[in-house]
Amino acid sequence: MDGTTMGSGTLESAQRSGGVPQHDLPLVLAGSALPVVGAARVYVCGITPYDVTHLGHAATFVWADVLTTVLGSLGADVHTCRNVTDVDDVLLDAARARGRHYDELAVVQEAVFERSMQALRVATPRHRPRSRHHVRGVQQLAAALVAAGAAHEADGTVWFHGADVPASVGLPEAEALALAATYGDEPGDPAKAHPLDVAVWRPSADGEPAWPSPWGWGRPGWHAECAAMALAVHGASLDVLVGGADLAFPHHAFQSAMVRAATGVAPFARSVVHVGTVMVDGEKMAKSTGNLVLVDDLLESCSPPALRLMLLDRPWAASWSWHPGLLDAAEARLESLYAAAARRPSGDGEAAVEAVTARLRDDLDVPGALALAEEQGGEAARHVLGTLRLS
Ligand code: ZN
């Protein structure tokens, strides 16, 4: 559908969809229908609580929030899980650098993150597992992978065999190695059977959190933590895996490969939402680049709905560049949408609401839904503002 015509009155859409009412049609994600019967299982790769929330994080979690809302509006019993990675290299490094205990840093930063999510009107996910509560699950995963011949143990580390993982996501091996290196993997480690092997379990250094295991005292690897938490909350497969585009490889590729190898169930995720990267002056917004734009800073001078609108008024998969003018534009757009909501509808209000819902169901087409709501006015505009929590 294009962005300017109504095209889906109740009768017309029911006829086009073989008599199935609009709210029983499946969500379409990235061009593929995702039929959901009963429960929808969504896993959102959450934060490592070591720093404040920037626009890149906010974009991922606001889109996950909209996905949850739209699935719910289609009648699914949505189980959204957003984890907290509270045992992780970057958290340990940050705590060391600041001279603080890693647990103290994690607790404080998680609270700050939750405050930002509340300000952005992100609903609290139904499940919020923490890595430290799933250490036993990682050990079970490691044991299952060793038993399946998909991992081996060497000097207290359980290495998952990663040779086939790049091909499973259509990535050339050289590119995969380069990406893995940006996450601190050491391809040359002689304990690995292949340069792309990753640790499911690893020994802890002095001063790091450590748990007893069949392979000695140690701690979980990052990809294995998310694999174990997804297994614990959702079981061997899920409906939508969500995260920033930079998590596609290695993190999500390895998380998925570990679960598949341990359970024999495929696919791990029926659908994937990798939210587009936020750029600043041509570079990815990242702590390592030193170009972070923080949510708390922006909220000092703009309204939360305007910030939310700025994140959502674009295709979810597209990368985009931040500049301050975007917030001014979002504030103006909001005023225009509020004005549209206050005026009499220009046509059949019920059909317009249904048309707006159809846009959101079609790959979470927020720009299309907003354009239609602005054009139609009245209930359609109130409906989309309410659904997207922009009012
Ligand atoms: Zn994850």
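**Entry 1: the zinc ion**

I began with the order of the zinc donors along the chain, and I noted their spacing as C-x180-C-x24-H. The model I am reading is a predicted one, and I keep that in mind for every value below. I then looked up which atoms the protein offers to the zinc ion, and I found SG of C45, SG of C226 and NE2 of H251, at 1.9 to 2.1 Å from the ion. Two of these donors bring together distant parts of the chain, for C45 sits in strand β3 (residues 39-47) and H251 in helix α9, 206 residues apart.

I next asked whether C45 counts as buried or exposed. Its relative accessibility is 4%, so I entered C45 as buried. For H251 I read 1% relative accessibility, and therefore H251 is also entered as buried, the cut-off for that word being under 20%.

**Entry 2: helix α9 against helix α5**

Since H251 belongs to helix α9, I followed that helix to a neighbour. The axis of α9 (residues 248-263) and that of α5 (residues 135-147) come within 8 Å, and I noted a crossing angle of roughly 65 degrees. The crossing is left-handed. Which residues make the contact between the two helices? From α5 I listed L141, A144 and L145, and from α9 I listed M258, A261 and A262. When I sorted the contact by class, I had 6 nonpolar residues, with no polar and no charged ones.

**Entry 3: helix α15**

I turned to helix α15, which spans residues 379-387, and marked A380, A381, V384, L385 and T387 as buried. Seen down the helix axis, these buried residues fall within an arc of 165 degrees, which means that they line one face of α15. I recalled the general rule that an α-helix has 3.6 residues a turn, so residues three or four places apart point the same way. I then looked up what covers the buried residues of α15, and the covering elements include α2 (55-73), α12 (325-342), α13 (349-361) and α14 (366-376). Just after the helix, I noted that R389 takes a positive phi of about 50 degrees.

**Entry 4: the loop residue S319**

Last, I looked up S319, which I placed in the loop between α11 (304-312) and β13 (320-321). I checked its C-alpha atom against that of P304, 15 residues away along the chain, and the two are separated by 21 Å. Leaving aside residues up to four places away in sequence, I found that S319 touches G276 and T277.

Note on methods. Residues numbered from 1 in each chain as written. Predicted model: local features only at pLDDT ≥ 70, side-chain atom pairs only at ≥ 80, totals over all residues. Heavy atoms only, no water. Buried < 20%, exposed > 50% of the residue type's maximum accessible area, 1.4 Å probe, protein only. Helix = DSSP H or I, 4+ residues; strand = E, 2+ residues; numbered from the N terminus. Arc of directions from axis to C-beta. Contact = heavy atoms within 4.5 Å. Axes fitted to C-alpha atoms, helices over the stretch in contact; angles between N-to-C directions. Left-handed = near helix turned anticlockwise from the far one by under 90°. Nonpolar A, V, L, I, M, F, W, Y, C, P; charged D, E, K, R; others polar. Donors = N, O, S within 2.8 Å, 3.2 Å for Na, K, Ca; no water.
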